[in-house]
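Student: I have a new model to go through. Can we take it question by question?
Tutor: Yes. Look it over, then ask.

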Amino acid sequence: MNRRNFLQTSSAFAALSLAGCKIPRATTLATAPTLPWYDLVGPLPPIHADAARIFNITVCTRPFRAAGPRIEAERIGDKIVIHNYGHGGSGWSLSWGSAQVAVTKAHENLSGNQSLAVIGCGAIGLTSAITAQRAGLRVTIYARERPPYVRSSRATGSWTPDSRIALTSAVTPSFGDLWEFMARTSLAMHRGFLGVAGTPVEWQDAYFLDDPPAHEPPEAPESATHHIFASFHGRIAEAMPHWENIDPSLTPFPTRQVRRGTQLNFNIADYSRQLISDFLTAGGQIETREFHSPADFAALPQTVVVNCTGYEARRLFADESIVPIRGQIGWLVPQPEVRYNLYYQDLIIVSRRDGIAVQTNPQGDDTGWNDAGEQVDRSASEDGVRRLQALYSRMKH
């Protein structure tokens, strides 16, 4: 998509993803109006952008399905398996709504026995288990790993409800309605964690910086690896704060365009800990177990199983519809005074309580497509930090 089309189709709020950002840009290049005194951009403490401050680098493999998440029932031997996987970059964001759909299907297949098994202890598994508990079921989670070792613990931690959720060419006409239900249900649940000790969920300002060319460049031909990901966030635009143009002269930023918005951030370490605590307090049990094939489900005492194995479902169920999308994050030492996110060129900077995430996405949403490698590339993270450093060196003090 060229710049002109992108500007014309951008929606009312941002959907930021691990491997790309879809920020609504200005529809014109006109200077933004002057802000009233009560809405001015306050002092923005600088991020200490130094590669020497990288204390960790994580790689996450997101389970993408062109048709969207698989949430359906399947009989395997004497078990009814409710699949709940394949959320791409929207796992945390859609977790509660997805769980509601899956648990409803589980209820439809329970016959007197109120005991349920959940496979997987990541974002989807934990929310599915808690949703089932609240529906009156006795739940046991079976998982090989628990947070912080699950893949969803390596996510960036922003509200991204349609980040690589599906391809426009593969979704059914009814998928948009399903997505909207999952997004609205999840958003309501996430809001319930605002203000909770440990700040598992919080609002945070974000700035999108852009230096558009003076003239529209010719549109480059699309490569064979270009994919058109489905976009639905306009369906719930009224439920989120809107983005606005800011006169760059009123900010410390050196770019010709600045947009400001407010996002939901997940402090995943605290959030996961809270979910596990809630689950165990309500009488849930977690058992360490590894499954090598669906036949292993036969040993479980529960007759209904909710499968929340994420990317692992590709191996476990030989599901070739799952495409791995690799994402790497370099973590800078946290700065409690930095409470804003930045999006500039292909850089995504998310300031969390446990570190400042720095991610580069040179191919936008196609970055990491069909790449299951989880080997760390330190040079890529260091390059991202250096480019962030170069941006700060141009900023007004």
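Tutor: One cut-off to begin with: buried means under 20% relative accessible area, exposed means over 50%, and partly exposed is in between. Keep in mind that this is a predicted model.

Student: Is Trp-37 buried or exposed?
Tutor: Trp-37 sits in the loop between β2 (20-22) and β3 (54-65). The cut-off for exposed is over 50% relative accessible area. Trp-37 has 72%, so the class is exposed.

Student: Which residues make the nonpolar surface patch of about 460 Å²?
Tutor: Trp-37 is one of them. Its loop runs between β2 and β3. The full set is Trp-37, Tyr-38 and Leu-40.

Student: How many helices and strands does the protein have?
Tutor: The protein has 397 residues, and buried residues make up 55% of them. Its secondary structure comes to 7 helices and 16 strands.

Student: What share of the contacts with a separation of 6 or more joins residues 24 or more positions apart?
Tutor: Leu-167 and Phe-64 give one example of a long separation, at 103 residues apart in sequence. They are also in contact. For the protein, the share is 79%.

Student: What is the C-alpha to C-alpha distance between Leu-167 and Phe-64?
Tutor: Leu-167 lies in the loop between β7 and α4. At 12% relative accessibility, Leu-167 counts as buried. Beyond its neighbours within four places in sequence, its contacts include Phe-64, Ala-66 and His-227. The C-alpha distance from Leu-167 to Phe-64 is 9.5 Å.

Student: Which residue in the loop between β7 and α4 has a positive phi of about 50°?
Tutor: The residue is not a glycine. At 1% relative accessibility, it counts as buried. It is Arg-164.

Student: Where is Asn-370, with its phi near 55°?
Tutor: That phi is a positive value in a residue other than glycine. For its place, look at the loop between β16 (355-360) and α7 (378-394).

Student: Is the peptide bond from Pro-147 to Pro-148 cis or trans?
Tutor: Pro-148 is in the loop between β7 (138-143) and α4 (175-191). Omega for the bond is near 10°. The bond is cis.

Student: What is the handedness of the crossing of α3 and α5?
Tutor: Helix α3 covers residues 123-134 and helix α5 covers residues 268-281. Their axes come within 10 Å and cross at roughly 30°. Among the α3 residues that meet α5 are Leu-126, Ala-129 and Ile-130, and the α5 side includes Leu-275, Ile-276 and Phe-279. The crossing is left-handed.

Student: How many residues apart in sequence are the parts tied together by Asp-177 and Arg-235?
Tutor: Their side chains meet in a salt bridge, at 2.6 Å from N to O. Asp-177 lies in helix α4 and Arg-235 in the loop between β8 (201-210) and β9 (244-246), so the tied parts are apart in sequence by 58 residues.

Student: Is Glu-202 buried or exposed?
Tutor: Glu-202 meets Arg-339 in a salt bridge of 2.9 Å, N to O. Arg-339 is in the loop between β13 (322-332) and β14 (340-344) and Glu-202 is in strand β8, so the pair ties together parts 137 residues apart in sequence. Arg-339, at 24% relative accessibility, counts as partly exposed. Glu-202 has 10%, so it counts as buried.

Student: Which residue forms a salt bridge with Asp-211?
Tutor: The closest N and O atoms are 3.8 Å apart. Asp-211 is in the loop between β8 and β9 and its partner is in helix α7, so the pair ties together parts that are 183 residues apart in sequence. Asp-211 is partly exposed at 27% relative accessible area, and its partner is partly exposed at 41%. The partner is Arg-394.

Student: Which residues do salt bridges that share partners join into one network?
Tutor: Asp-177 and Arg-235 form one of the salt bridges. Asp-177 counts as partly exposed at 49% relative accessibility, and Arg-235 counts as partly exposed at 33%. The network joins Asp-177, Glu-180, Arg-184, Arg-235 and Glu-238.

Notes: Residues are numbered from 1 along each chain as its sequence is written. This is a predicted model: local features need pLDDT of at least 70, side-chain atom pairs count only at pLDDT 80 or more; totals for chains, interfaces and linings use all residues. Side-chain values use heavy atoms; hydrogens and water are left out. Patches are made of residues with over 30% relative accessible area and no salt bridge: like charges are joined within 9 Å, nonpolar side chains (Val, Leu, Ile, Met, Phe, Trp, Tyr) within 5 Å. Accessible areas come from the Shrake-Rupley method with a 1.4 Å probe; for residues, only the protein chains shown count as cover. A salt bridge is a side-chain nitrogen of Lys or Arg within 4 Å of a carboxyl oxygen of Asp or Glu. Helices (H or I, at least four residues) and strands (E, at least two) are DSSP runs, numbered from the N terminus. Buried means under 20% relative accessible area, exposed over 50%, partly exposed in between (1.4 Å probe, protein chains only). Axes are lines fitted to C-alpha atoms, for helices over the stretch in contact, and angles run from 0 to 180 degrees between N-to-C directions. A crossing is left-handed if the near helix is turned anticlockwise from the far one by less than a right angle, and right-handed if clockwise. Contact means heavy atoms within 4.5 Å.
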